[in-house]
Amino acid sequence: MVSATVSATRSVLSALRWRWLPFAAVLGMEWRQTWRSWIFRVGTLLLAALALGYVLHRAAIYHQAGIVQSASSILAELWQASLVIGPTLMIILSAGTIASERGTLADSVLSRGISRYAYFLGKWLGRLAALLGGLLLLGLLVWFLAYVLLRHEDLSFLGTLWALALLLSVLAAIATIGVFFSAICPSTALALMLAWVIVHSAGALLWLSGLTPIHPQALWTWFPFLIRGQYDAWAVVRALGWAWLIASSAALLAVVHFSRCDL
Amino acid sequence: MAEDVAIVETQHLTKIYHNRRIALNDVTLELPAGAVLGLVGPNGAGKTTLLRLLLGLQRPTAGWVKVFGQYMTPNAAHLRRRIGYIPAQPQFPKGLTPIAYLDYMGRLFGLSRQERKPRLAALLRAVELLDVSGEPIAGFSHGMTVRLALAASLINDPELLIWDEPTHGLDPEARRSMLELIKNLSQQKTLIVSSHNLSDVDEVCTQVAVLSEGHLIYSGSLQELRGKMRGRHFELELDGEQKAIAKVLQTVRGLAEVKQAQLRQRRLDIVLQDNGLASSALASVFMALADNKVDVLSLRSAGQPTEQAFLQLVEQEEARGFARAWSYREAA
């Protein structure tokens, strides 16, 4: 009886393993390949240099000239700047996720024991994890430096985390739209162009229609309050929900198309 | 799986790209277990398209593909777990070593660490990449990448191997090893080998499928293909006066059943017209020989190498012109 149960458990685990192992392999490979790509490294280093340089510059003003510099306002400015350059960067870094490998590397992977669903999910989540992971590390580093070097009496740790989560979620939605176009377009250039136009048009439409709280203007004005801890948690959760709803919808549409298309 | 289930089966398989290009046209094919199928055809004949359809990398516009008795689709991962594939131009992720690449391939097939690690080590040794197994693949020569792709195609111990141009660009020694490997593997597995090199196909394949402009113009055994083409070409070694032999040549050239006749010293080469009985044509030839008192020392059906048979087949197909439309309707 016991041995039969053990055997059944083993076979279930084995079935689960072969279902998840290909997905995990693609996810891990995508994560590594993204971190290895020169465009990701250049983009991240550029962002890091700009953000850290700005914090150090304001710290120098504070310490040398004695002009008070508030960490909350510096961080809010940086988060706002990320809203301006982040979407373009996310699109550049995500538009080639699938399109760049069509007919070449994708053949070598999709001719093995992996379904299109697992491949897409692995590529999407791997790319997203690498992009958001890099930005999260950078955000925390900037927060730490601002906290240490600048006046931080009005800085809320929890509020900063909420603001960072909101920023990353919006960027995740934009990166997913980039991956969506990468899955449906035959070339990276076309995916990049379409994603850029659609994301910026959609941002403008959301702003004008006021349908969701995650349009650029709302976030722009929101960040300083969030970072100081003056926020309504429910409103933040709702905004996060919107961002992830957009991301999930784009991913769902992309996977449905990709699972049926020619490579 | 039942014994009589074909390993690969296609019915009316058609692929049209964006209503602009017909890559494959009504291909019906069946491959039994243990066969080695050589897929041949000129450039752009649809060989790679057919292989990609068999793997589910593309979806048919019409018709269907069954592999191991089940429909192949882009999501049929369970079927692809039993297939080993070498693409025509293997590509590898950047920055990987052969060990990392084969490990990745093993994971894509859902192989556990205990299964894939020993297997990849054995394969790297077999394809003679053991001493460069820690080097980046980016620096490899073409021959080395083909060997690595070969190892990747075998990591899951597949039942069906689909190799697209496996000998392309290999040096003679590597090509010989590849052909020997195909011969060895054919004892346990079913293989589909696409190739431009007909002497390779001749050497290792038991069956051949000839594609021309996306259409399957021949599918069957190699012997049959050669035999089919051979039936119209004969060589006769003659004995008699030179003057009489020359007269025979003239008579033979005048026969309606004879397409071409040539005399090389005392050997008469005759190519018969495509239609009509060969025996009747030969009877007329023998009559001419007897009338001129020329004896026959030997008669043989001039064997054609596969290459010649293939070229003749493609030529015949092209020469049929609009008549092809009629045979299509008959087949349908």
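So, chain A has nine helices and zero strands. If you read along the sequence, the pattern is just α-α-α-α-α-α-α-α-α. Before I go on, please keep in mind that this is a predicted model.

Let me stay with chain A for a bit. Its C-alpha atoms fill a box of roughly 70 × 50 × 35 Å, taken along the principal axes. The chain has 263 residues, and 41% of them count as buried. Now take the contacts in chain A between residues at least 6 apart in sequence: 87% of those join residues at least 24 apart.

Okay, let's look at one helix pair in chain A. Helix 2, which is residues 38-65, packs with helix 5 at an angle of about 10 degrees, and their axes are 10 Å apart. How should we describe the way these two helices run, parallel or antiparallel? Angles under 35 degrees count as roughly parallel, so helix 2 and helix 5 of chain A are roughly parallel to each other.

And who is touching whom there? From helix 2 of chain A we get A:T44, A:L47, A:A48, A:A51, A:L52, A:V55 and A:A59, and they meet A:G134, A:L138, A:V142, A:L145, A:A146 and A:L149 in helix 5 of chain A. Sorted by class, that contact has 11 nonpolar residues, two polar ones and no charged ones. You can click through those side chains on the structure.

Now for how the two chains meet. Chain A puts 25 residues into the contact, and chain B puts in 24. On the chain A side, the elements giving two or more residues are helix 1 (2-36), helix 4 (105-110) and helix 5 (116-149). Which of them gives the most? That's helix 1 of chain A, with eight residues. By class, the chain A side divides into 11 nonpolar, seven polar and seven charged residues. And notice that helix 5 of chain A has come up twice now: it packs with helix 2 of chain A, and it also gives residues to the side that touches chain B.

Right, on to chain B. Here the secondary structure comes to 12 helices and 14 strands, whereas chain A has zero strands. The C-alpha trace of chain B spans about 80 × 45 × 40 Å along its principal axes. Of its 332 residues, 40% count as buried. What about contacts along the sequence? Among those in chain B between residues at least 6 apart, 69% join residues at least 24 apart.

Chain B is divided into two pieces: domain 1 covers 8-227 and domain 2 covers 231-301. The C-alpha centres of those two domains lie 46 Å apart.

Let's do a helix pair here too. Helix 3 of chain B is residues 98-108 and helix 4 of chain B is residues 113-126; their axes come within 10 Å and cross at roughly 130 degrees. That puts the pair in the oblique class, because 130 degrees is not over 145, where roughly antiparallel begins; so helix 3 and helix 4 of chain B are oblique to each other. The crossing is right-handed.

In that contact, B:P98, B:I99, B:L102, B:D103 and B:G106 from helix 3 meet B:R116, B:R119, B:L120, B:L123 and B:L124 from helix 4. The classes come out as six nonpolar, one polar and three charged residues. Compare that with the chain A pair, where there were no charged residues.

Last stop: a few single residues in chain B. B:F68 sits in the loop between strand 4 (62-67) and strand 5 (70-71). Is B:F68 buried or exposed? It has 20 C-beta neighbours inside 10 Å, so B:F68 counts as buried. Also, B:F68 and B:R82 are 14 residues apart along the chain, and their C-alpha atoms are separated by 9.0 Å.

Then there are two glutamates to point out. B:E165 has a positive phi of about 50 degrees although it is not a glycine. You'll find B:E165 in the loop between strand 7 (160-164) and helix 6 (172-185) of chain B. With 22 other C-beta atoms within 10 Å, B:E165 is buried.

The other one is B:E213, with a positive phi near 50 degrees, and again this is a residue other than glycine. B:E213 is in the loop between strand 9 (207-212) and strand 10 (215-221) of chain B. B:E213 has 18 C-beta neighbours inside 10 Å, so it counts as partly exposed.

Note on methods
Residues are numbered from 1 along each chain as its sequence is written. Chains are lettered from A and ligands numbered from 1 in the order in which they are written. Helices (H or I, at least four residues) and strands (E, at least two) are DSSP runs, numbered from the N terminus. A residue is buried if 20 or more other C-beta atoms lie within 10 Å of its own, exposed if 12 or fewer, and partly exposed in between; C-beta atoms are placed from the backbone. Two residues are in contact if their C-beta atoms, placed from the backbone, lie within 7 Å. Domain bounds come from an automatic or database domain assignment. Axes are lines fitted to C-alpha atoms, for helices over the stretch in contact, and angles run from 0 to 180 degrees between N-to-C directions. Angles under 35 degrees count as roughly parallel, over 145 as roughly antiparallel, 65 to 115 as roughly perpendicular and the rest as oblique. A crossing is left-handed if the near helix is turned anticlockwise from the far one by less than a right angle, and right-handed if clockwise. Ala, Val, Leu, Ile, Met, Phe, Trp, Tyr, Cys and Pro count as nonpolar, Asp, Glu, Lys and Arg as charged, and the others, Gly among them, as polar.
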